[in-house]
Amino acid sequence: MKRILTILALLGAMNVQALSTQAFVKQLRNTHPFFNQQALSSQIKQIEKQATGANEDWMVALDGYYKSENADNIDTSVYDQLNTTSVGVSATRKYANTGGNITFKHILTDKSKDIGSVRSQFSVDYKHPLLRNKSGINDRLNADVAQISIDKNTLERLEAEESFILAKLERFIDLAYAQERQLINEHRLALAGKELNLVKQKYAASVVEKVDVLLQQDAYQRANQQLLQAQQDLTLLRHEIAITLSLDFTKAVADTDLYQTHNLQAMALKKYLSDHARVLKINALTQKTFKRQLQSFKDKSKAKLDLNLGVSSAGEHGSYSDAFTRQSPTWKIGLGLSYPLGGIESNSNINKANIQLLNLKQARQEQWLNLYMQAKTLKEKIGLLEQLLHANQTQIDIAKARTTEEKKRYNDSNGQASFVINAQNNEQNAQLNYAQVAKNYQKTVLKFKAAVDQLVK
């Protein structure tokens, strides 16, 4: 009830709602530029993937030349002057899924001599790899690696978002603790004020001595100083949260139970982390990248054997129309074989990729050990902090009972004012310790959820 009253006092108006943990995260996602930045990084990866398809674009080329040849001093020449004009248009495209490429070409040649001659030639040529780059394994390398990069970026985004949200949620818990700390100090100051008034009344009635009044005044001032410090810390935190969430200062109030305990999901940590940890999945995708590159490196060490197919049609006559309509077809088929001697580059790339894969496998083992150690330690810490919370509750009950007894003794003139003040301070310290342990407990739960990738899904 006291926590609710404090929240209402901080809000200052009934129409303003405090922030639950879910509302805090939702507002953070909706307003903070970090998440837009992460989304843009994914768009960049998608664009990079699209760019890898550039090797399948049609390549259109236009060639033209004019040649003038004087054959006056060539005895074997059948003409004295030859002027040749040639224009060629071609279109070539590569097919990454097959590794082949096709070329369409048309050449028009106009020869001017004693009798004009026009030659028109159409051709279609296709080259298909039979060994190296079979099924386009090398042509598809950049696209395959880009897709792996997209998959990695998705996981890396979740990792980055989880770390970011964890850091901000820890500040949210700090805010809840600061509110609780202010509440405790307000209560302590109110009690100190009441005690000071009672002591003054007793002093006026000559029941107590002046030193009792001074002791209680000192206790009141200490309580006031502690409250002022708590108010300062809370105000600064509220400003920080308000700016982070793009909220009005009055709305920067945490509505969360600082003392709530959590029943964590039972799991076999070793197997769970090995199967589900995002960091390990990112490592696996990095290994996948090198394995894919290794495939191409090994393929490039093979002999190059290409099947060449071609169909052409040519016609040569005195006019353009006859050259186009009177065509003689030709077809061809052949094989082209080449083999790199030495293979220095491909062998170097293969050896390097194999070593990088071994390094990544060792790194994965280290990552797994670190994750397991972190998660196991945090899980054990949560259990210990729960025990400490119960111990703090017991300590608070004892401190309250002690304060009550010291007041009775003091009122019965069997005790000293300093004993009452000490008892009240012990009670306040016990409550503050309880809140401090609760803050650590809530932060540890958040860290554990982040360690097992359950804070952001």
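Here is a short conversation between a student and a tutor about the structure above.

Student: Before we start, what kind of model is this, and which residues do local features need?

Tutor: Residues are numbered from 1 along each chain as its sequence is written, and side-chain values use heavy atoms, with hydrogens and water left out. This is a predicted model in which totals for chains, interfaces and linings use all residues, side-chain atom pairs count only at pLDDT 80 or more, and local features need pLDDT of at least 70.

Student: Happy with that. How many cavities of 30 Å³ or more are there?

Tutor: Rolling a probe the size of a water molecule over the atoms shows where empty space is left. A cavity here is a set of points, on a 1 Å grid over the protein atoms alone, where a 1.4 Å probe fits but cannot get out. Points are joined across faces, edges and corners, and a volume is the space filled by probe spheres set on the points. By this rule, the number of cavities of 30 Å³ or more is two.

Student: Which elements give two or more residues to the lining of the second largest cavity?

Tutor: That cavity, the second largest, has a volume of about 50 Å³. Lining residues have an atom within 4 Å of a point, and here they are Ile184, His187, Arg188, Leu191, Gln424, Glu427, Gln428 and Gln431. Helices (H or I, at least four residues) and strands (E, at least two) are DSSP runs, numbered from the N terminus. The elements giving two or more residues to this lining are α4 (141-204) and α10 (417-451).

Student: How do the residues of that lining divide into nonpolar, polar and charged?

Tutor: Ala, Val, Leu, Ile, Met, Phe, Trp, Tyr, Cys and Pro count as nonpolar, Asp, Glu, Lys and Arg as charged, and the others, Gly among them, as polar. For the lining of the second largest cavity, the split is two nonpolar, four polar and two charged.

Student: Turning to helices, how far apart are the end C-alpha atoms of α5?

Tutor: The expected span of a helix is 1.5 Å times one less than its number of residues. Helix α5 (residues 210-245) has 36 residues, so a span of 52 Å is expected. The model agrees, with the end C-alpha atoms separated by 52 Å.

Student: Which residue follows α5, and where does it lie?

Tutor: The residue after α5 has a positive phi, near 55°, although it is a residue other than glycine. It is exposed, with a relative accessible area of 55%; by the cut-offs, buried means under 20%, exposed over 50% and partly exposed in between (1.4 Å probe, protein chains only). It lies in the loop between α5 and α6 (269-276), and it is serine 246.

Student: Where is serine 135, which also has a positive phi?

Tutor: Phi of serine 135 is near 60°. Serine 135 is partly exposed, with a relative accessible area of 39%. Its place is the loop between β4 (117-129) and α4.

Student: Are α7 and α9 roughly parallel or roughly antiparallel?

Tutor: Two packed helices are described by the angle between their axes and the distance between the axes. Axes are lines fitted to C-alpha atoms, for helices over the stretch in contact, and angles run from 0 to 180 degrees between N-to-C directions. Helix α7 (residues 278-300) and helix α9 (residues 344-411) pack at about 170°, with axes 9 Å apart. Angles under 35 degrees count as roughly parallel, 65 to 115 as roughly perpendicular, over 145 as roughly antiparallel and the rest as oblique, so α7 and α9 are roughly antiparallel.

Student: What is the make-up of the contact of α7 with α9?

Tutor: The residues of this contact fall into the three classes given above for the lining. They divide into 12 nonpolar, eight polar and four charged.

Student: Lastly, is leucine 384 buried or exposed?

Tutor: Leucine 384 has its place in helix α9. With 55% relative accessibility, leucine 384 counts as exposed.

Notes:
On a 1 Å grid over the protein atoms alone, a cavity is a set of points where a 1.4 Å probe fits but cannot get out, and a pocket is an open set with protein on both sides within 12 Å along at least five of seven lines; lining residues have an atom within 4 Å of a point.
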